[in-house]
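Trainee: I've got a structure to look at. Can you go through it with me?
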Amino acid sequence: MLRLFRPGQAGMLPSWCFRSKPWFAQTPLPVKKMAKKNADHAALQERVKELTCLYNLTQLAGRSGTSLEDFLQGAVETLPPAWQHPERTAGRIVFDGQFYVTRNFEEGGPSQSAPIQVNGKTRGRVEVVYLEPMPPAHEGPFLREERNLIDAVARQIALIIERRQAEQERYRLQGQLRHADRLATIGQLAAGVAHELNEPLGNILGFAQLAEKHPDLPPEVRRDLGKIVATCLHARQIINSLLLFSRQMPPQKAKLNLNAVVEDAMALLEQRCKRSGIAIVRKLAADLPEIVADASQLRQVLVDLAVNAIHAMPEGGMLEVTTQAGDGRVVLAVQDNGVGMSEEVLKKIFVPFFTTKDVNEGTGLGLPVVHGIVTSHGGRIRVQSTPGQGARFEIELPLDVDGAADGENVDGSSSSEGLDSGRR
Ligand SMILES: Nc1ncnc2c1ncn2[C@@H]1O[C@H](COP(=O)(O)OP(=O)(O)OP(=O)(O)O)[C@@H](O)[C@H]1O
Ligand SMILES: [Mg+2]
């Protein structure tokens, strides 16, 4: 039977099969409509490029173990493809005075830039440069959307840097906490050993001194007794250092001016510095407020730091001592331009008996003692050093010890026992 098919009828071929003309023979879209369609398509492509650029940035940031330098170099490479004329576009990122550029970068062409503001501070900028003149658009040859994009890129970079810095700070503080914990344990051990040894040592010293008083001693016995006494005194000095390190010797605190303590300590070392070709530079704040502290312990801090500095400058150099008033605290800095310290050495300098000196030159107790004294004054110590470029020890002491944390509590830049060391 012959069946007649009508367009649109259920179960039949769709209606387009029955159009009077096939699709390729239909009249083209009106020119205006076509132009709009093309423009929409182009705009969409631009958006895709922008989103790809921002996506690539987050991908880069997410890569673990990438250094900041590698991240910024990667970030600058994402810029040209996101602009209207990628092949004639170059990019540059400036951060903290360092430049990161695309391979084709040249200065001088039309450019647009956006500042990189990390924690409210401008640290650099993102720049896009056209390598040849381009037709005018909204901002010179650049599109309005490109302004939005470059601003967004700069913001994104700043956010990523802020996050990285916060992360690094967290790591640093965790490291310091671990270091502080280790030092506290060593301190307890040192205190225990020191107490245990103190008494028998006192007995040996006492009896040796008593025996020395005997009138009829043969000269060699007297000489030997003299050696026993001298050795005991040396051992007692070490025990005292360990007690100072483990804060078992409470400071005798009184109001004092730190500048006066500096002058005292430097007077002791003046001749020694002169002989070693070391110039002492004092930069003492005139209006330094008084602090409550143990003058003789602080003098010891200064002498220990200065003697280390002298050892670090065998060819002569400059020893700079600075005092400064801060917010509820005073700051004492001892700086030299000697041999400096490696990262490895820096990690261990507050551990008792760590020394890089020969047996008769150093015991490795100077800095642990400095650390113990500073901590028992509620202060904190920071060290910066680079091999070959000297070292700087900075000590912060609170004006009012009672109001200060007991040294086990410090701000973000320092650990829980007032310790911070790093590269310069
Ligand atoms: N200003 C400095 N420059 C370079 N290295 C230093 C400086 N201060 C300390 N150091 C390093 O830190 C180590 C430990 O110093 P610390 O004062 O604790 O012990 P020491 O000087 O070796 O011996 P001691 O002070 O007991 O005589 C030193 O051996 C040295 O390697
Ligand atoms: Mg020393």
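Mentor: Sure. Keep in mind that this is a predicted model. Start with the open sheet of four strands, which has the order E2-E1-E4-E3 and antiparallel pairing.

Trainee: Which strands are at the edges?
Mentor: E2 and E3 (111-118), since each pairs on one side only. On average, neighbouring strands of the sheet are turned by 20° against each other, ignoring direction.

Trainee: How many bridges do E1 and E4 have?
Mentor: Seven, in the antiparallel sense, with E4 covering residues 121-130. Take Val-94: its bridge partner in E4 is Arg-125.

Trainee: OK, helices. What does H2 lie across?
Mentor: H2 lies across E1 and E2, and runs at about 155° to E1. Then there is H3, which lies across E3 and E4 at about 25° to E3.

Trainee: Back to H2. Which of its residues are buried?
Mentor: H2 spans residues 68-77, and the buried ones are Phe-71, Leu-72, Ala-75 and Val-76. Seen down the helix axis, they fall within an arc of 130°, so they line one face of H2.

Trainee: And what do those buried residues pack against?
Mentor: Helix H1 (31-62), strands E1 (89-95) and E2 (98-101), and helix H3 (144-212).

Trainee: New topic: ligand 1. How many residues surround it?
Mentor: There are 23, and the closest are Asn-308, Ala-312, Thr-355, Gly-362 and Gly-366. Helices H6 (295-311) and H8 (366-376) are the elements that give two or more residues to that shell.

Trainee: What's the shell like by class?
Mentor: Around ligand 1 there are 11 nonpolar, nine polar and three charged residues.

Note on methods. Residues are numbered from 1 along each chain as its sequence is written. Chains are lettered from A and ligands numbered from 1 in the order in which they are written. This is a predicted model: local features need pLDDT of at least 70, side-chain atom pairs count only at pLDDT 80 or more; totals for chains, interfaces and linings use all residues. A residue is buried if 20 or more other C-beta atoms lie within 10 Å of its own, exposed if 12 or fewer, and partly exposed in between; C-beta atoms are placed from the backbone. The arc is that of the directions from the helix axis to the C-beta atoms. Two residues are in contact if their C-beta atoms, placed from the backbone, lie within 7 Å. A residue is near a molecule or strand if its C-beta atom, placed from the backbone, lies within 6 Å of it. Ala, Val, Leu, Ile, Met, Phe, Trp, Tyr, Cys and Pro count as nonpolar, Asp, Glu, Lys and Arg as charged, and the others, Gly among them, as polar. Two strands pair if DSSP finds at least two bridges between them. Axes are lines fitted to C-alpha atoms, for helices over the stretch in contact, and angles run from 0 to 180 degrees between N-to-C directions.
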